[in-house]
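Reader: Please pick one part of this model and go through it closely, together with whatever packs against or pairs with it. I would like to follow it on the screen, residue by residue where that is possible.

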Amino acid sequence: MRFTRTVRTAAIAAAAVALVATSALSASADPSFAPDADDIVQVGSDTSEFVLNDLSALYNSKTPTPVRKLASFNATGTATITIRPGVSINRPNGSGAGITALCGSTNIDVARSSRPKGASDCADSRFLKFATDQLRWAANTSTGSVVSLTDAQLTGIYNCTITDWNTINPAIPVGTTIKPLIPQINSGTRNFWATQVGINATTLPACVKDVYAGAPIQEHASAPIAGTPNSIVPFSVGRYNLLTPAQKTGTYLGAIPTPDSTSYDRTLFQVVKAVSGVIPSYLSAVFGNGSGTTSTGGVPFICTRSDTNPATTTAGDIIKANGFLELALGQCGRI
């Protein structure tokens, strides 16, 4: 099922979680409360910010109220954020920036990430799996007759060897130059996509642009696509289907055929830091201990499976309502 923002709202409302519907679905950039010294502060990926807003609202609504509430800050918004009393930082935008912030500060507990661990990430970081995202592509409606692209075609487009939409569909006039776009430098989507299509994420091929209207392209933003005829950009299926109809205007979501699509499905992570090789119990209770359980052998909050009971809402329900996929049984909370 494809989830629009309306469907997402209905799915969560039907599950009787009014708090989630009123706080996270408004897509506010920051928590509705000021985090204290005990709360669990999260920053980073744009891809998983909405689902973590919803999961945080669900967790914080537990009875009794958790001593350590979840405070998830979006990738974009004000230039700075106050993450603890008297502690303000520049807002980390994207997986890379979030991981860097986590590695460099004791005031940040978690970094949302849409990419796996890299060689330059701090040694004590632990990338805990929690969901699957289907990364596909979005394009300007000027190329709407192209509905599916293979891995080879996407690789050619982003390596500047396929430069005319006519090459892909002869019905499109010759000279319709393809304009491949990619998100800003700290984006996990940028890094993942670059790996998939075989380009250097730092030094882009000449035809690939990461700036629109004088500003870096934000991942999962529709304006660069709508404003650039004949353009294409990587886009999360879950995030695209959460756009409003107005935000989708001038764009469409394309497909990648099987079996090529499998390699464009990616794991989403919650990144934490281990202490003396062990993930702290307060984090493992929410996200896992690296082996799929809490420190006491229970099921981490974020790994509770979806169910069919309309009277209850689980983390799995929230993940599915946001358009992402639950991991195979036993894989959530693992490194």
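Author: Start at Arg 126, which stands opposite Val 272 in strand E12. The model is predicted, and what follows is computed from its atoms. Arg 126 belongs to strand E6, residues 125–140, and E6 pairs with E12 in the antiparallel sense over nine bridges. A second place to check this pairing is Thr 132, whose bridge partner in E12 is Thr 267.

E12 itself covers residues 265–273, and seven of its nine residues are buried, so the strand is largely enclosed by the rest of the structure. The cut-off behind that statement is a relative accessible area under 20%. Besides E6, E12 pairs with strand E5, residues 110–113, again in the antiparallel sense, over three bridges. Here the contact to look for is Ser 113, which has Phe 269 of E12 as its bridge partner. E12 therefore has pairing with E5 as well as with E6, and most of its residues are buried.

E6 is mostly covered too: 13 of its 16 residues are buried. Its pairing does not end with E12. E6 also pairs with strand E10, antiparallel, over five bridges, and four bridges join it to strand E11, residues 251–254, again in an antiparallel arrangement. Trp 137 is the residue to pick out here. It stands opposite Pro 234 in E10, and its bridge partner in E11 is Gly 254. When following any of these strands, keep in mind that in a regular strand the side chains alternate between the two faces of the sheet.

E6 and E12 also help to cover a helix. Helix H7, residues 188–197, is mostly covered, with seven of its ten residues buried. Those buried residues are Gly 188, Thr 189, Arg 190, Phe 192, Trp 193, Ala 194 and Val 197. What covers them includes E6, E10 and E12, along with helix H4 (95–104) and helix H5 (151–158). The ends of H7 can be described as well. At the N-terminal end, Ser 187 acts as a cap, with a side-chain oxygen 3.1 Å from the backbone nitrogen of Thr 189. Just after the helix, Gly 198 takes a positive phi of about 75°.

Next comes empty space. Rolling a probe the size of a water molecule over the atoms shows where empty space is left. The count comes to one cavity of 30 Å³ or more, and about 50 Å³ of space lies in the largest cavity. Phe 130 is among the residues that line it, and the others are Ile 302, Cys 303, Thr 304, Arg 305, Gly 316, Ile 319, Glu 326, Leu 327 and Cys 332. By class, this lining has six nonpolar, two polar and two charged residues.

One last site concerns a buried acidic residue. Asp 54 is found in helix H3, residues 49–60. Its relative accessibility is 0%, so Asp 54 counts as buried. The side chain of Asp 54 makes a polar contact with the side chain of Asn 322, at 3.0 Å.

Definitions and conventions
Residues numbered from 1 in each chain as written. Predicted model: local features only at pLDDT ≥ 70, side-chain atom pairs only at ≥ 80, totals over all residues. Heavy atoms only, no water. Buried < 20%, exposed > 50% of the residue type's maximum accessible area, 1.4 Å probe, protein only. Helix = DSSP H or I, 4+ residues; strand = E, 2+ residues; numbered from the N terminus. Pairing = 2+ DSSP bridges. Polar contact = N/O pair within 3.5 Å; in protein donor to acceptor, adjacent residues only side chain to side chain. 1 Å grid on protein atoms, 1.4 Å probe; cavity = no way out; pocket = protein on both sides within 12 Å on 5 of 7 lines; lining within 4 Å. Points joined across faces, edges and corners; volume = space filled by probe spheres on them. Nonpolar A, V, L, I, M, F, W, Y, C, P; charged D, E, K, R; others polar. Contact = heavy atoms within 4.5 Å.
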